[in-house]
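Dear colleague,

I am passing on the structure below, and I would be glad if you could look through it alongside my notes.

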Amino acid sequence: MLSINQCYLDFVKKILNQGKETYKDSNHHLKESLGNFYIIDDPLNLKFAAKYQHMTTDMMLNEIKSGKYDIEGCPIKSDALYEYVKSFENSDDQGFVYTYPNRILAHFDVDQFEVMKKRMLHAIGSNRAVAVTYDPKLDQDREDIPCLQFLQCIVRNNELTIHCLFRSNDIFGAFYSNMFFIAYIGIKMKEELNKELLGEKVNFGGIHYHSTSGHIYSNDMKAAKKLIAINK
């Protein structure tokens with residue numbers, strides 16, 4: 001089983017060792033890996049899938065705030081990670097060009113989380129429980145557009161997995177917090193479904209992660225190498 005912490009370290013190491021040096025269209029120098037896929041089936045390192053049946057969003061937030069998931073050398077820890085994950089509950093854009101909670105919960109005048117939930121309650125095996133963040137009308141002329149593009153919740157054999165696609169992902173600086181944020185959405189969806197399901201309840205089965213470009217910026221290379229060295 002693969003946890004967020006282990007996946008983070010493995011992914012950083014992969015890019016350091018195998019990544020190709022390139023430039024982004026905004027002239028940032030970086031090392032990049034194209035076409036990445038991971039199944040993070042034990043995001044919180046609980047060791048047993050059955051334990052996710054009892055995991056709640058409140059429990060997850062408390063564990064994050066306590067520093068349980070902190071990794072030495074990672075640029076985001078405890079309180080900062082807590083605030084980032086908890087931000088899913090705030091649908092306001094807070095003055096930023098975009099936020100993921102705003103794009104998912106309010107931006108299109110649709111609460112896409114609720115739409116996903118309703119689709120699965122209507123047909124638990126639905127493939128239509130999806131959410132998108134990219135707004136073609138608004139984002140076409142912007143340099144800053146959402147990195148996370150797509151979410152999908154799928155239930156099979158009473159297990160909910162959340163699938164995500166990033167068009168671009170800063171692996172050293174953002175992947176770690178991104179995955180806790182997405183795990184939180186998956187656990188929240190499990191909780192919300194189980195409040196309304198009349199039959200057998202669903203469990204949370206983790207994250208299926210896709211990125212077209214996973215990269216580490218050149219100014220983070222030294223810190224990324226230190227992260228791997230101190231977490232051997």
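What follows is a summary of the core, one helix and the aromatic residues.

This is a predicted model, in which local features need pLDDT of at least 70 and side-chain atom pairs count only at pLDDT 80 or more, while totals for chains, interfaces and linings use all residues. Residues are numbered from 1 along each chain as its sequence is written, and side-chain values use heavy atoms, with hydrogens and water left out.

The largest nonpolar core (buried Ala, Val, Leu, Ile, Met, Phe, Trp, Tyr and Cys residues joined through side-chain atoms within 4.5 Å; buried means under 20% relative accessible area with a 1.4 Å probe, protein chains only) has 66 residues, and Tyr 176, Phe 180 and Ile 182 are among those with the most contacts inside it. Helix α7 (residues 171–196) gives the most to this core, with 14 residues; helices are DSSP runs of H or I, at least four residues, numbered from the N terminus. Of the 26 residues in α7, 21 are buried.

There are 16 aromatic pairs in the structure (Phe, Tyr or Trp rings, the six-membered one for Trp, with centres within 6.5 Å; planes under 30 degrees apart are stacked, over 60 edge-to-face, the rest tilted). The rings of Tyr 38 and Tyr 209 have centres 6.5 Å apart and planes at 40°, so this pair is tilted, and both residues are buried. Phe 88 and Phe 181, with ring centres 5.8 Å apart and planes at 75°, form an edge-to-face pair, and ring pairs link these two into a cluster with Tyr 84, Tyr 98, Tyr 100, Phe 113 and Tyr 184.

Best regards

Note on methods
Buried means under 20% relative accessible area, exposed over 50%, partly exposed in between (1.4 Å probe, protein chains only). Helices (H or I, at least four residues) and strands (E, at least two) are DSSP runs, numbered from the N terminus.
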